[in-house]
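Here are my comments on the model you sent. They are set out as numbered points, to be read beside the structure.

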Amino acid sequence: MKTIRAVLAALALFTTGAAGADCDEHSHLNWNAQWDAGAAVMYDRFGDPSLDDGSLTTTREDEADIGYRVFVGVGFLQYFGIELGHADYGEARFDSQSDGSGSLWAAGPVTTTVSVEGTDLSVLGRVPISSQLNLVLSLGVLNYKAGNVVAGTTQITGPDGVTDSIRDRSPIYSARLEYLGLSPLRVGVSYGRTETNSIFGSEFPLESLALSLAYLF
């Protein structure tokens, strides 16, 4: 009888300990009131923002650049969070050739350079994949500044150039895969996309691949 009681007591102790270990192992699933801060290195790809009057053919594109982003976030309701970030997406250059058949550009080269930086505020949704992996989906607003430098020869004024910038807002969304095995650090790989405006009013896409490192408080 004493042996049976000892076995039952040992089994109860083992079960309690295993439950506690499992709770510790999965404590990252509770996102409520947890803060994190981090930084990311981004590979950014720009769409062509050139003002095309129908005469342009792009001959060379330097459409990608390396940028960075810093961010801070807080979780709530276990699987949701809010994140505030600031990013410099770098710049891209597009060298085009006009055949002179349009209403704006005379025959000759047309060069467009664009740069984007901005601050974003997003709502996050977290999907646990395993004890060490999360999928984080985000949807937010990017408050950005897009700068444009355009140089070419117009039909009316001859050689001409425009340097200007525009401030606007646009939706931004991303998907991030997080690795949690280095707690309290989180390593993430993400894809993000937004649509930004040029000074001419035309939209161009901006896509980012990012590698991030965050510290969980």
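1. In which strand is the place of Trp35? Trp35 belongs to strand β1, which covers residues 35–46. The model is a predicted one, and among the elements of the chain β1 has the highest mean pLDDT, 96. With a relative accessible area of 48%, Trp35 counts as partly exposed, because that class lies between the 20% and 50% limits.

2. On confidence in general, the chain has an average pLDDT of 85, and 85% of the residues score at least 70. The weak part is at the start of the chain: over residues 1–28 pLDDT stays under 50, and the model has 10 contacts beyond four places in sequence for this stretch. Helix α1 (residues 2–25) has the lowest mean pLDDT among the elements, at 39. I would word any remark on this helix with that value beside it.

3. As for the overall layout, the chain holds 1 helix and 9 strands. Read from the N terminus, the order is α-β-β-β-β-β-β-β-β-β. Of the contacts between residues at least 6 apart in sequence, 67% join residues at least 24 apart.

4. Buried residues account for 37% of the 217 residues in the chain. The accessible surface of the chain is about 11900 Å², and carbon and sulfur atoms supply 62% of that surface.

5. Strand β9 (203–216) has partners in both β1 and β8. The pairing of β1 with β9 is antiparallel and runs over 11 bridges; in it, Arg45 is placed opposite Glu207 of β9. Strand β8 (residues 185–197) also pairs with β9 in the antiparallel sense, over 13 bridges, and here Glu195 stands opposite Pro205. The hairpin of β8 and β9 has 5 residues between its strands, and Gly201 in this hairpin takes a positive phi near 90 degrees.

6. Which side chains of β9 are buried, and which are not? The side chains alternate along the strand. Phe204, Leu206, Ser208, Ala210, Ser212, Ala214 and Leu216 point to one face and are buried. Glu203, Pro205, Glu207, Leu209, Leu211, Leu213 and Tyr215 point to the other face and are not buried.

7. Ser190 is a residue of the neighbouring strand β8. Its relative accessible area is 16%, so Ser190 is buried, the limit for that class being under 20%. Leaving aside residues up to four places away in sequence, Ser190 touches Ala175, Arg176, Ser208, Leu209 and Ala210. Ser208 and Ala210 are among the buried side chains of β9, whereas Leu209 points to the other face.

8. The surface carries a nonpolar patch with about 1100 Å² of accessible area in total, formed by Trp35, Val72, Ile82, Leu84, Leu121, Val123, Tyr179, Leu182, Leu185, Leu213, Tyr215 and Phe217. The elements that give two or more residues to this patch are β4 (80–98), β5, β7 (158–182) and β9. Leu213 and Tyr215 of the patch are also among the residues on the face of β9 that is not buried.

9. A last point concerns Gln132, in the loop between β5 (108–128) and β6 (133–154). Gln132 is partly exposed, because its relative accessibility is 36%. The C-alpha atom of Gln132 is separated by 5.7 Å from that of Tyr179, a residue 47 places away along the chain. Tyr179 is itself one of the residues of the nonpolar patch.

Conventions:
Residues are numbered from 1 along each chain as its sequence is written. This is a predicted model: local features need pLDDT of at least 70, side-chain atom pairs count only at pLDDT 80 or more; totals for chains, interfaces and linings use all residues. Side-chain values use heavy atoms; hydrogens and water are left out. Helices (H or I, at least four residues) and strands (E, at least two) are DSSP runs, numbered from the N terminus. Buried means under 20% relative accessible area, exposed over 50%, partly exposed in between (1.4 Å probe, protein chains only). Patches are made of residues with over 30% relative accessible area and no salt bridge: like charges are joined within 9 Å, nonpolar side chains (Val, Leu, Ile, Met, Phe, Trp, Tyr) within 5 Å. Accessible areas come from the Shrake-Rupley method with a 1.4 Å probe; for residues, only the protein chains shown count as cover. A salt bridge is a side-chain nitrogen of Lys or Arg within 4 Å of a carboxyl oxygen of Asp or Glu. Two strands pair if DSSP finds at least two bridges between them. pLDDT is the predictor's confidence in each residue, from 0 to 100. Contact means heavy atoms within 4.5 Å.
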